[in-house]
Amino acid sequence: MTTKQVVIIGAGMSGLCMGVQLKQQGINDFVILERSDDVAGTWNYNTYPGCGCDVPSVFYSYSFYLNPNWSRVYSLHDEIKQYFRDCAAHFGLNDHIQFNTEVERADYDEERGSWTVTTKGGETIESRVLVSGLGQLNVPFTPDFEGADTFAGDSFHSARWNHGVDLAGKKVAIIGNAASALQFIPHVAEAAEQVHVYQRSANYVVPRNDRAYTDSERQRFARFPWLQRLHRLGVFLRGEIMYGAIANKKFFQWLLAKDAKKYLEEHITDPELRRKLTPDYAIGCKRILVSDNYYQAMARPNLNLVTKPIQSITPAGVQTEDGEVLEADVLIYGTGFQTTDLMAPVDFYGRDGLSLKDAWAEGAEAYRGVCTSEFPNLFMLYGPNTNLGSNSIIFMVEQQVNYIVKCITKLLTHQLKSMEVNKQVLRAYNEKMQGDMTKTVWVASCQSWYKNAAGKVVNNWPNSATNYYFHMREPEMSDFDLADG
């Protein structure tokens with residue numbers, strides 16, 4: 001059995017950030033276990049056409065590793081993935097990463113105060129501290145449609161895009177039209193002969209206003225890093241203004257909804273199509289989407305928007321509840337991820353063999369989004385109630401890493417056996433969390449990936465990103481039950 005001070009699960013954005021900061025604090029006895037053969041997490045797996053981020057690249061990047069050479073305001077998949085590769089190489093993380101190693105389970109040993117991590121290959125690693133970098137968007141969700149396995153053509157999920165399937169001249173059915181689908185629909189519509197897009201609910205879409213950076217802009221960013229930091233601040237403040245809509249501030253909701261309506265009307269002239277694409281819920285209840293080509297694609301003559309509910313999949317295509325079957329050669333699921341099953345697909349077992357799935361049976365809860373009782377020495381990144389609807393998740397993760405590294409340093413330097421958030425502290429925290437949530441638009445009656453089956457918002461942080469920054473500056477050790485080694 002291998003022994004490490006710290007085991008990190010996942011070499012995505014969160015795991016790399018944790019690795020860098022551990023090294024900065026002189027903690028080098030750690031390993032990052034990554035199931036794939038490369039870094040970048042979701043940016044390694046998601047390779048669909050048009051794949052990119054809806055946060056400008058200058059802010060969807062680490063504060064400690066600025067990139068003055070972004071080609072565009074909103075850079076696409078290849079550039080984002082290369083950024084994380086460069087970061088891993090720059091900070092010497094590759095020597096700490098064990099690729100092609102999928103974690104199956106993790107068990108806490110109360111007597112030893114340690115975690116035993118077991119991989120699918122049968123390897124076991126013992127660690128004082130376990131950090132999950134699994135995040136919220138790592139397991140694709142495919143609805144269990146009747147007859148799905150009978151479809152005669154090619155079918156795949158957008159998060160596992162099959163680049164071997166040529167869409168030219170094909171009839172393509174796309175199920176879903178949210179964040180990922182919004183990006184690949186225009187590219188599919190350009191290649192395919194006919195596209196049927198199945199929409200459950202309309203989205204609020206605002207212009208991305210993407211553009212290429214000029215050579216002189218990149219040169220200035222490289223020569224004067226403070227200019228890029230000023231640019232980052234502008235993006236951050238714009239996100240904080242957008243939070244006003246999330247917080248049910250009527251003026252900001254009106255302003256954003258006005259922009260979204262204007263954008264829709266500019267590009268969709270057909271009254272019936274415009275009606276189908278007009279949301280029937282408060283702006284911000286679902287994720288607000290950004291695009292410069294989505295509506296243009298929806299107006300193409302070879303694209304058909306279907307709003308009737310799906311009844312089943314047949315060998316020939318997709319059947320709606322009225323019995324109509326629209327034929328398709330290719331079926332693409334743009335249906336997102338298993339967002340509320342946080343920490344999936346790894347099984348975690350804490351004190352007395354308690355399963356994390358059982359502990360979270362009524363909805364995931366974590367103290368400040370990073371730890372939970374009954375699971376000592378376990379920390380999580382991009383955990384429960386840390387997602388945003390208006391700013392960069394990298395900003396949030398950096399605050400979490402700062403907090404966790406301070407906890408780990410305390411645990412290791414004081415040779416503590418265990419560190420566990422107090423049950424009463426956790427309960428009071430989550431009661432306040434859900435109380436704050438009632439002030440947001442997320443608790444409205446729309447369906448969204450932010451909620452579990454019971455309607456509890458388990459993914460999102462209910463306050464501003466600025467608030468989270470101050471919230472995570474220093475851990476209060478009185479909030480934890482500490483056991484000496």
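A residue is called buried here when its relative accessible area is under 20%. Keep that cut-off in hand as we walk through this predicted model.

**Strands 1 and 2**

Let's start close to the N terminus. Strand 2 covers residues 30-33, and its side chains alternate: F30 and I32 point one way, while V31 and L33 point the other way. Despite facing opposite ways, all of these residues are buried. The partner of strand 2 is strand 1 (residues 2-9), and the two pair in the parallel sense over 4 bridges. Within this pairing, I8 is the residue standing opposite I32.

**The five-stranded sheet**

Further along there is an open sheet built from 5 strands with parallel pairing, in the order 7-16-8-9-12. Its edges are strand 7 (154-157) and strand 12 (303-306), each of which pairs on one side only. From one strand to the next, the twist averages 15 degrees. One pairing to look at is that of strand 8 (residues 171-175) with strand 9 (residues 194-198): they run parallel and are joined by 5 bridges. There, I175 stands opposite Y198 in strand 9.

Which helix packs on the sheet? That is helix 4 (residues 179-191), which touches strand 8, strand 9, strand 12 and strand 16 (330-333). The direction of helix 4 makes about 170 degrees with that of strand 8.

**Helix 6 and a nonpolar patch**

On the surface, F224, W226, L230, L233 and L237 make a nonpolar patch of about 500 Å². One of these residues, L230, is found in helix 6 (residues 225-246). G234 lies in helix 6 too. If you measure across the model, the C-alpha atoms of G234 and D484 are separated by 46 Å, with the two positions 250 residues apart along the chain.

**A buried asparagine**

N385 sits in the loop between strand 18 (378-380) and helix 11 (393-413). Is N385 buried or exposed? It counts as buried, because its relative accessibility is 2%. Leaving aside residues up to four places away in sequence, N385 touches A364, N430, M433, Q434, M437, V457, V458, N459, N460 and W461.

Here are the accessibility values for three of the residues discussed:

| Residue | Relative accessible area | Class |
|---|---|---|
| L230 | 49% | partly exposed |
| G234 | 39% | partly exposed |
| N385 | 2% | buried |

How values were computed: Residues numbered from 1 in each chain as written. Predicted model: local features only at pLDDT ≥ 70, side-chain atom pairs only at ≥ 80, totals over all residues. Heavy atoms only, no water. Pairing = 2+ DSSP bridges. Axes fitted to C-alpha atoms, helices over the stretch in contact; angles between N-to-C directions. Contact = heavy atoms within 4.5 Å. Patch = residues over 30% accessible without salt bridge, like charges linked within 9 Å, V, L, I, M, F, W, Y side chains within 5 Å. Areas by Shrake-Rupley, 256 points an atom, 1.4 Å probe, with all protein chains shown as cover. Salt bridge = Lys/Arg side-chain N within 4 Å of Asp/Glu carboxyl O. Buried < 20%, exposed > 50% of the residue type's maximum accessible area, 1.4 Å probe, protein only.
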